[in-house]
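This report goes through one structure part by part. Please look at the sequence and the 3D view before reading on.

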Amino acid sequence: SIKAFLFDLDGVIVDTAIYHYQAWKRLANELGFDISEEFNERLKGVSRTESLEIILAHGGLVLSDEKKTELATQKNGWYLELVSRMTSDDILPGVATFFSQVRKAGLLTALGSVSKNAPMILERIGMTNAFDAIIDGTKISKGKPDPEVFTKGADELEVSPAECVVFEDAVAGVEAGKRAGMFVVGLGSSDVLTQADLVASSLENLTVEDVLTKASN
Ligand code: G6P
Ligand code: MG
């Protein structure tokens, strides 16, 4: 039976996905090209360095490691500026209600994000204590779609993958959850998140009971 829910951060708990996109777009623009919202789907859930590689390949640029480090640092600076004004008001609709249902159901919770900024964001929105385990970009060596971030979450909670449900807004994150052997709820469009076991537009449109029923079938 299901014992734990594992949540992605950006685009699931809080709408930072838009800020990552804006910062990457600004970087691409300064390099002389653009990235569309559709292209951005490929970056969601992907680590900072890997995202930069995908963007540079898209723009047809080959740069030195030194230059790449500089660009990644620049993007992160812009991202930090964008998130610096965030508060608990920025928590996505439905999250608070869903988490109170999760607690009532006696489920364990983990954060599974490849973002190195995840602990800082959780502090800003006052949700650090909502998680029994926090796996972030500083604790993993492989980003999504590698399953590491979720298998580590299950390990820390001392549950098996079959006892876990993952909540994800990214194609790479859904793949990571499936490769970890978990039931995956995709949050977004079913046209994009084709590998998910269940798709809803946001946590606002889901109840814990729904998820547990579907995950146990
Ligand atoms: C999340 C986001 C990605 C971001 C990655 C790394 O997975 O969905 O867009 O690139 O984290 O974030 P960081 O804060 O470490 O640059
Ligand atoms: Mg995400």
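The sections below cover the ligand, the loops and the nonpolar core of a predicted model.

## Surroundings of ligand 1

Ligand 1 is surrounded by 18 residues, and the closest are His20, Arg48, Ser115, Lys116 and Asn117. Two elements each give two or more residues to this shell: helix 1 (17-30) and helix 3 (48-58).

Sorted by class, the shell around ligand 1 holds nine polar, five nonpolar and four charged residues.

## The loop between strand 3 and helix 7

Strand 3 (133-135) and helix 7 (148-157) are linked by a loop that contains Pro145. Lys144 is found in the loop between strand 3 and helix 7 as well. The peptide bond that joins Lys144 and Pro145 is cis, with an omega of about 15°.

Is Lys144 buried or exposed? Lys144 counts as buried because it has 28 C-beta neighbours inside 10 Å, and the cut-off for a buried residue is 20 or more. Leaving out residues up to four places away in sequence, Lys144 touches Gly45, Val46, Val114, Val149, Ala170, Ala172, Gly173 and Ala176. Phe99 is 45 residues from Lys144 along the chain, and the C-alpha atoms of Lys144 and Phe99 are separated by 24 Å.

## Two exposed loop residues

Glu158 is located in the loop between helix 7 and strand 4 (164-168). Glu158 is not a glycine, yet its phi is positive, at about 60°. Glu158 counts as exposed because it has 12 C-beta neighbours inside 10 Å, and a residue is exposed if the number is 12 or fewer.

Gly126 belongs to the loop between helix 6 (118-125) and strand 3. Gly126 has 11 other C-beta atoms within 10 Å, so Gly126 is exposed too. Gly126 and Ile91 are 35 residues apart in sequence, while their C-alpha atoms are 9.5 Å apart in space.

## The nonpolar core

How many residues does the largest nonpolar core have? It has 62 residues, and those with the most contacts inside it are Ala4, Val165 and Val166. Helix 1 gives the most to this core, namely six residues.

Which residues is Val165 in contact with, leaving aside its neighbours within four places in sequence? They are Ile2, Phe5, Met182, Phe183, Val185, Val211 and Ala215.

## Summary

Helix 1 appears twice in this account: it gives two or more residues to the shell around ligand 1, and it gives the most to the largest nonpolar core. Among the loop residues described, Lys144 is buried, whereas Glu158 is exposed and Gly126 is exposed.

Technical notes. Residues numbered from 1 in each chain as written. Chains lettered and ligands numbered in written order. Predicted model: local features only at pLDDT ≥ 70, side-chain atom pairs only at ≥ 80, totals over all residues. Near = placed C-beta within 6 Å. Helix = DSSP H or I, 4+ residues; strand = E, 2+ residues; numbered from the N terminus. Nonpolar A, V, L, I, M, F, W, Y, C, P; charged D, E, K, R; others polar. Contact = placed C-beta atoms within 7 Å. Core = buried A, V, L, I, M, F, W, Y, C linked by C-beta atoms within 7 Å.
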